[in-house]
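Here are three short exercises to work through with the model open. Try each one yourself before you read the solution.

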Amino acid sequence: MDDILVQSHHSKQTLNRCKFKYWIHYDLRKRKPRNNINFIFGESIHSALELYYSSNRKEDFDEISKHFQLKMMVQSDDMILNNEIEVWTKNGISLLSRYIQKTRDIENFKVIGTEHSFNLCINKEGQILCDSKDIPEETFTILAGKVDLIVESDGIYVVDHKTTSQKIDNFMNQFAIDEQLLDYSIWGRWKYGDKFKGVMVNGINKDISSPNTIFRRWFAFTDYEIDYALESYLDSAQEYYILRQAPHLLQQRQIQFDCQWCEELDISLAYRKGEDFHKLLDLYYEDIGKFDWE
């Protein structure tokens, strides 16, 4: 079953942009950890909110604060950016305090679950067989992801936490076309049927000087839009399976994508020149053992 294409939000983006990069990241399973300070901050905020909501909003703030600080420290342990961590951590604690103050007394929804991972096994006809890591033989492709929060009010909603410094309107316009929402909607409709009402974005403003700490918006997709997205994932799987039968096509980067700054550019050129690019790969990803695969 190792040859079944698993389509997560990030892997789909990589496959569409650069098949050579996909081949290295997901087939050869070589990729550097994402240790950008914005990514670390966002992950730590997510983790603190998971603790908050998994306790049904009853966890003491001191514990949430300690959890956030520890997450920031562990993730940035071997980063050059350590001198920035103190400022980011202080801002994050302030942000979480304001978030909880603004939400604790007004949220009346029931928390169904937090940080739920899904693996939808899909057959060639687009039928979802199950949500399981035990893959049925007739599985054609797998749609994988992780839901930040599931709540119930007048129905079931999937909530996606997002940290951003963009203006609200700009962020929402960008988020509305995010394919990840359709992934959640495919899972939500399959899991909850008619009780599923859509996806809620829980936007958290990283700019602590802004009066708008949080902003929320509800997105609902029609059955046609959800089915169309599902069909497109089947097409992507079919294309990839065909390309995999001809590795030289898979390893060619798509012309329409500007790969000038692609981290694998030198590796790609070495491959095309017939050089020992596997040795270059090993040098480039010498710290690959530290990476936690999604």
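**Exercise 1.** Work out how covered strand E6 is and which strands pair with it.

*Solution.* Start with burial: in E6 (residues 196–205), 8 of its 10 residues are buried, meaning under 20% relative accessible area with a 1.4 Å probe, protein chains only. Next, look at E5 (residues 156–164), which runs parallel to E6 with 9 bridges between them; here His161 sits opposite Asn202. Then go to E7 (residues 214–219), antiparallel to E6 over 6 bridges, where Val201 faces Arg217.

Before going on: this is a predicted model, where local features need pLDDT of at least 70 and side-chain atom pairs 80 or more, while totals for chains, interfaces and linings use all residues. Numbering starts from 1 along each chain as its sequence is written, and side-chain values use heavy atoms, leaving out hydrogens and water.

**Exercise 2.** Find out what surrounds the charge of Asp178.

*Solution.* First place Asp178: the loop between helix H6 (168–176) and helix H7 (179–192). Asp178 is buried but has no salt bridge (a Lys or Arg side-chain nitrogen within 4 Å of an Asp or Glu carboxyl oxygen). Lys162, the nearest side chain of opposite charge, is 4.4 Å away. Now check the His9 side chain, which makes a polar contact of 3.4 Å with that of Asp178. Finally, the Asp178 side chain reaches the backbone nitrogen of Gln180 at 2.9 Å.

**Exercise 3.** Which residues touch the most other members of the largest nonpolar core?

*Solution.* Among its 40 residues, they're Leu120, Ile186 and Trp187. As for helices, H8 (residues 223–244) supplies the largest share, 8 residues.

Notes. Core = buried A, V, L, I, M, F, W, Y, C linked by side-chain atoms within 4.5 Å. Buried < 20%, exposed > 50% of the residue type's maximum accessible area, 1.4 Å probe, protein only. Helix = DSSP H or I, 4+ residues; strand = E, 2+ residues; numbered from the N terminus. Lys, Arg positive; Asp, Glu negative; His and termini not counted. Polar contact = N/O pair within 3.5 Å; in protein donor to acceptor, adjacent residues only side chain to side chain. Pairing = 2+ DSSP bridges.
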